[in-house]
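Trainee: I have a new model open on my screen, and I would like to learn how to read it. Could you walk me through it, one feature at a time?

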Amino acid sequence: MIEINQNSYEENQVFEIARKKVQKLKSFYIHFFIYAIGLTFFILKEYFEISFNVFPLNQLNFFVMAIWTTAFLITLVDTVVSFAVFGKKWKDRKLESIMNANNKTQKWK
């Protein structure tokens with residue numbers, strides 16, 4: 001008879017949730033850093049009239065920045081909402097539901 005260690009299973013689930021949250025946060029920080037650099041070049045180009053003759057920088061305009069800002073805001077909301085939804089209370093509820101479901105299953109001997 002094979003028995004699964006319930007504590008190990010729950011710990012693995014908690015670890016997997018934490019790993020996904022850290023990866024999502026890391027992705028957000030990278031996006032923020034690149035967006036801040038792009039916004040800086042856009043401001044220099046539009047308001048200080050510095051011309052950039054390098055491919056990605058010479059394509060920055062209001063339309064590109066509007067789309068990029070929208071994508072950044074969506075990423076921000078997604079990150080904040082996921083941390084609010086999958087916070088400590090969610091983790092506690094999920095662990096409790098797993099433990100309750102496991103206690104209700106019939107064990108054959």
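Mentor: Gladly! Let us begin with the aromatic rings: ring pairs join Phe28, Tyr29, Phe32, Tyr35, Trp68 and Phe72 into a cluster. Keep in mind that this is a predicted model.

Trainee: How many aromatic pairs does a search of the whole structure find?

Mentor: The search finds seven aromatic pairs. One of them is formed by Phe28 and Tyr29, with 6.0 Å from centre to centre and 50° between the planes, so it counts as tilted, since edge-to-face needs over 60 degrees. Phe28 itself is buried, with a relative accessible area of 10%. Another pair, Phe42 and Phe62, is edge-to-face: the centres are 5.1 Å apart and the planes meet at 85°. This pair links distant parts of the chain, because Phe42 sits in helix α1 and Phe62 in helix α3, 20 residues apart. Phe42 is buried as well, at a relative accessible area of 6%.

Trainee: You keep mentioning helices. How many helices and strands does the protein have?

Mentor: There are four helices and zero strands. Starting at the N terminus, the order is α-α-α-α. Helix α1 covers residues 6-47, α2 covers 55-58, α3 covers residues 62-85 and α4 covers residues 88-104.

Trainee: Before I trust the details, which helix has the lowest confidence and which the highest?

Mentor: A good habit! Confidence is lowest in helix α4, with a mean of 69, and highest in α3, with a mean of 88. Across the protein the average pLDDT is 80, and 80% of the residues score at least 70. Where pLDDT is low, the predicted coordinates should not be read in detail.

Trainee: What does UniProt list as "transmembrane region"?

Mentor: The UniProt entry, which is unreviewed, lists residues 28-48 and 60-86 under that name. In the model, residues 28-48 are 95% helix and 0% strand, and the C-alpha atoms at the two ends are 29 Å apart.

Trainee: Now for burial. Is His31 buried or exposed?

Mentor: For burial, you compare the relative accessible area with a cut-off. His31 has 19% relative accessibility, and under 20% means buried, so His31 counts as buried. His31 lies in helix α1, and its side chain makes a polar contact with the side chain of Trp68, at 3.4 Å. Leaving out residues up to four places away in sequence, His31 touches Trp68, Ala71, Phe72 and Thr75.

Trainee: Thr75 makes me look further along. What lies 2.8 Å from the backbone oxygen of Thr75?

Mentor: A polar atom of the side chain of Thr79 does. Thr79 lies in helix α3 and is buried, with a relative accessible area of 5%. Beyond its neighbours up to four places away in sequence, Thr79 touches Lys24, Leu25 and Phe28.

Trainee: Which residues does Phe83 touch, not counting residues up to four places away in sequence?

Mentor: Phe83 touches Lys21 and Leu25. Phe83 is also in helix α3, but it is partly exposed, with a relative accessible area of 27%. Compare sequence and space here: Phe83 and Lys24 are 59 residues apart in sequence and 9.6 Å apart from C-alpha to C-alpha.

Trainee: Can we look at the loops too? Where is the place of Leu60?

Mentor: Leu60 is in the loop between α2 and α3. A loop residue can still be covered: Leu60 is buried, with a relative accessible area of 8%. Its contacts, apart from residues up to four places away in sequence, are Gly38, Phe41, Phe42, Lys45, Glu46, Met65 and Trp68. Take Lys45 from that list: Leu60 and Lys45 are 15 residues apart in sequence and 8.2 Å apart in space, C-alpha to C-alpha.

Trainee: And Glu49, is it buried or exposed?

Mentor: Glu49 counts as exposed, at 69% relative accessibility. Glu49 lies in the loop between α1 and α2, and it has a positive phi of about 50° although it is not a glycine.

Trainee: To finish, what percentage of the residues of the protein count as buried?

Mentor: Of its 109 residues, 15% count as buried. The accessible surface comes to about 9000 Å², with 65% of it belonging to carbon and sulfur atoms. As for contacts with a separation of 6 or more, 65% are between residues 24 or more positions apart.

Note on methods: Residues numbered from 1 in each chain as written. Heavy atoms only, no water. Buried < 20%, exposed > 50% of the residue type's maximum accessible area, 1.4 Å probe, protein only. Contact = heavy atoms within 4.5 Å. Areas by Shrake-Rupley, 256 points an atom, 1.4 Å probe, with all protein chains shown as cover. UniProt positions renumbered as here; feature names shortened; annotations may be inferred. Polar contact = N/O pair within 3.5 Å; in protein donor to acceptor, adjacent residues only side chain to side chain. Phe/Tyr/Trp six-rings, centres within 6.5 Å; stacked < 30°, edge-to-face > 60°. pLDDT = per-residue confidence, 0-100.
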